[in-house]
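Colleague: Before relying on this model, I would like to go through its fold, its core and a few single residues with you.

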Amino acid sequence: HRDLHKEYRRQRQMCIRDRVDLDIDKPIQDAFSTFLQFNVLSAYRRGAEEVSHDHEECMHNISLSVVHNCVIAIAEEGNLADVLKSKQQWFLHTLLPVLVHDIGSAKNQPHNACLAAKCINCLAGCAPFVRESIVGAGAIDALSAACIVGAGSHDSLSEVSDRTVRLLLCP
């Protein structure tokens, strides 16, 4: 969240200094893409050993929250499919595996699984190629298992997992 805010302020200051009108869509999309490409999720996948496990988990949860908020914001603008298409390799090989892994870890990290399921739910509705990629990454099995885990201990996880499975199975 802090990185997005810094990027927005930097863009705004440049626009004010150069007396150019601020195009909100472009800075948000650029900041979203930059954040997603170089954020803590990538560090999480690398397994940075110098960071304590608790701190890493906390940062990962915060990153998922930021990614979820960014996905919602870009989807509301109607540009999510374009952003994902422009970053398709990153989406397929970095973001999607992390989200599916987090959903699959629902028993140990239900809050992370819930945020990841919310991201998948939002992503699944933006374009057919995204939905097909999500299904191909094994999200339906992970979401189904998360729904069962959530039924006993995390109502929000259960609800969003069930809703997302139904969305992914719809033709």
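The exchange below takes up these topics in turn.

Modeller: This is a predicted model, in which local features need pLDDT of at least 70 and side-chain atom pairs count only at pLDDT 80 or more, while totals for chains, interfaces and linings use all residues. Residues are numbered from 1 along each chain as its sequence is written, and side-chain values use heavy atoms, with hydrogens and water left out.

Colleague: Over which residues does pLDDT stay under 50?

Modeller: With pLDDT being the predictor's confidence in each residue, from 0 to 100, the protein averages 79, and 69% of the residues score at least 70. Where pLDDT is low, the predicted coordinates should not be read in detail. The stretch that stays under 50, for which the model has 10 contacts (heavy atoms within 4.5 Å) beyond four places in sequence, is residues 15–25.

Colleague: How many helices and how many strands are there in the protein?

Modeller: Helices (H or I, at least four residues) and strands (E, at least two) are taken as DSSP runs, numbered from the N terminus. Read along the sequence, the pattern is α-α-α-α-α-α-α-α-α-α. The count is therefore 10 helices and zero strands.

Colleague: Which helix gives the most residues to the largest nonpolar core?

Modeller: A nonpolar core is a set of buried Ala, Val, Leu, Ile, Met, Phe, Trp, Tyr and Cys residues joined through side-chain atoms within 4.5 Å, where buried means under 20% relative accessible area, exposed over 50% and partly exposed in between (1.4 Å probe, protein chains only). The largest such core has 37 residues, of which Phe-91, Leu-99, Ile-103, Leu-123, Val-130, Ile-134 and Leu-143 touch the most other members. The elements giving two or more residues to this core include H4 (53–77), H6 (88–104) and H9 (139–153). The helix that gives the most, with nine residues, is H7.

Colleague: Why can H7 be called largely enclosed by the rest of the structure?

Modeller: The 15 residues of H7 should span 21 Å at 1.5 Å a residue (counting one less than the number of residues), and its end C-alpha atoms are 20 Å apart, which agrees. The buried residues of H7 include Asn-112, Leu-115, Cys-119, Ile-120 and Leu-123. H7 is largely enclosed because its buried residues number 11 of the 15.

Colleague: Against which helices do the buried residues of H10 pack?

Modeller: In H10, the end C-alpha atoms lie 21 Å apart, in agreement with the expected 21 Å for its 15 residues. Its buried residues are Leu-157, Ser-158, Val-160, Ser-161, Thr-164, Val-165 and Leu-168. These residues pack against H7, H8 and H9.

Colleague: Is Ser-133 buried or exposed?

Modeller: Ser-133 is placed in helix H8 and, not counting residues up to four places away in sequence, touches Phe-91, Leu-92 and Leu-96. Phe-91, leaving aside its own neighbours within four places in sequence, is in contact with Ser-133 and also with residues including Leu-84, Pro-97 and Ile-134. With a relative accessible area of 18%, Ser-133 is buried.

Colleague: Which residues is His-68 in contact with, leaving aside its neighbours within four places in sequence?

Modeller: His-68 is found in helix H4, and its relative accessible area of 13% makes it buried. Leaving aside those neighbours, its contacts are with Lys-118 and Cys-119.

Colleague: How many disulfides does the structure hold?

Modeller: A disulfide is a pair of cysteine sulfur atoms within 2.5 Å. The sulfur of Cys-126 has its closest cysteine sulfur, in Cys-122, at 7.6 Å, which is too far for a bond. Cys-126 itself counts as partly exposed at 24% relative accessibility, whereas Cys-147, at 18%, counts as buried. The number of disulfides in the structure is zero.

Colleague: How far apart in space are Lys-107 and Gly-150, C-alpha to C-alpha?

Modeller: Lys-107 lies in the loop between H6 and H7, and at 73% relative accessibility it counts as exposed. Lys-107 and Gly-150 are 43 residues apart in sequence, and their C-alpha separation is 8.3 Å.
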